[in-house]
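Grab a pencil and try a few exercises on this one. Each task is followed by a worked solution, so have a go before reading on.

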Amino acid sequence: MSYLIASLTIAGLHRAISAGLAGLSLASALVLSGGITARAQTQPQPPTEPRPAVEAAPQAVPGFWDPRRRPDRPDMSRLTVIRFLTETDYPPFNFTGPDGNPAGFNVDLARALCDEIKISCTVQMRRFETLVDAITSNRGDAIIASMAVTPALRARLDFTDPYYRAPARFVSRRDAVLPEVRPEYLEGKKVGVIGGTSHEAYLKAMFTDAEIKSYPNDDALRLALRRSEVDFIFGDAISLAFWINGTDSAECCAFSGGPFVESRYFGEGVGIAVRKGNDLLRTSLNWALFRIWEKGRFTDLWLRYFSISPF
């Protein structure tokens, strides 16, 4: 079993990166089985008064690799080129660079993998909804586009080991930050969420004593928190991290508590997709992912794009 998250504290190596949040291990954030189980942790007393925002801590870098289980190098002599497909507009993971070429975390990771395998690669950008059909019809070899692994997609594609996870988190106003969020702490609290999402389904299943308020989109949800119409909002931690650190938030808000990663609601993680049965490419990419992580290149790449940790 590969590590779910190896939180790499790199404060000494990367002192310039100081905006990260607490490097909470995802393994302790939530039970990761398919069942609906609340976090089992020590039981701190609920806060009795507003707390200041949590002080920035060393950045946490996600990793799914066990250093004790180094994969064997596959015979890659039959690989001649890898045609990567990626999404058109999902910054900072995928976007069009100033020179008109594909750019972003996923694109740079694809290039690093090709460099490690020592093979020629191409990266083509396509609309996200066309990627699966493109790969199954042999218009590409691998999808690297922040595609969450789900049972439905596993029926059509094979995936590498996960290389990151998109957790869910709560955000509150800065004068009401909680170091930990448990269902009993939000009893009677107003919690905003985008309607019809897995985040809403999770709240309704786990935070039954909270007053859940649904909103149509991110803008409406975040505005509700800025106006104090809700006490918390709950959603995708990666997009929330960029909002918190951006100008649109007007420094109003901060993460409360740690990440939620229950796989039944938030997926198994994000992997690189290949056609069913393409074990040579899948195992080659897994080997290269491990090597990049082992050499510290994955950490460097992550810190280049994420100054504030979604974890």
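Below are four exercises, each with its solution in steps.

This is a predicted model, where local features need pLDDT of at least 70 and side-chain atom pairs count only at pLDDT 80 or more, while totals for chains, interfaces and linings use all residues. Residues are numbered from 1 along each chain as its sequence is written, and side-chain values use heavy atoms, with hydrogens and water left out.

**Exercise 1. Get an overview of the chain.**

Step 1: Count the elements. Helices (H or I, at least four residues) and strands (E, at least two) are DSSP runs, numbered from the N terminus. The chain has 10 helices and 12 strands.

Step 2: Check burial. Buried means under 20% relative accessible area, exposed over 50%, and partly exposed in between (1.4 Å probe, protein chains only). Of the 311 residues in the chain, 50% are buried.

Step 3: Look at contacts, meaning heavy atoms within 4.5 Å. Take those between residues at least 6 apart in sequence: 77% of them join residues at least 24 apart.

**Exercise 2. Find the disulfides and describe each one.**

Step 1: Apply the rule that a disulfide is a pair of cysteine sulfur atoms within 2.5 Å. That gives two disulfides.

Step 2: Take Cys-114 and Cys-121, which are joined with an S to S distance of 1.7 Å. The torsion about their S-S bond is about -100°, so this disulfide is left-handed. Cys-114 is buried at 6% relative accessible area, whereas Cys-121 is partly exposed at 26%.

Step 3: Now take Cys-252 and Cys-253, whose sulfur atoms sit 2.2 Å apart. Here the torsion is about -100°, so this disulfide is left-handed. Both of these cysteines are buried.

Step 4: Count bonded cysteines along the chain, and the pattern reads 1-2, 3-4.

**Exercise 3. Work out how helix 2 sits in the structure.**

Step 1: Check its span. Helix 2 (residues 105–117) has 13 residues and reaches 18 Å from first C-alpha to last. That's close to the expected 18 Å, where the expected span is 1.5 Å times one less than the number of residues.

Step 2: Count what's hidden. In helix 2, 11 of the 13 residues are buried, so the helix is largely enclosed by the rest of the structure. Among them are Phe-105, Val-107, Leu-109 and Cys-114.

Step 3: Find the cover. It includes strand 1 (81–87), strand 3 (102–103), strand 4 (120–126), helix 9 (279–294) and helix 10.

Step 4: Look past the end. Just after helix 2, Lys-118 has a positive phi of about 65°.

**Exercise 4. Describe the packing of helix 2 against helix 9.**

Step 1: Fit the axes, which are lines through C-alpha atoms over the stretch in contact, with angles from 0 to 180 degrees between N-to-C directions. The two axes come within 9 Å and cross at roughly 100°.

Step 2: Name the arrangement. Angles under 35 degrees count as roughly parallel, over 145 as roughly antiparallel, 65 to 115 as roughly perpendicular, and the rest as oblique. Helix 2 and helix 9 are therefore roughly perpendicular to each other.

Step 3: List the touching residues. They include Leu-109 and Leu-113 of helix 2, and Trp-287 and Ile-292 of helix 9.

Step 4: Sort the contact residues. Ala, Val, Leu, Ile, Met, Phe, Trp, Tyr, Cys and Pro count as nonpolar, Asp, Glu, Lys and Arg as charged, and the others, Gly among them, as polar. The contact divides into nine nonpolar, one polar and two charged.
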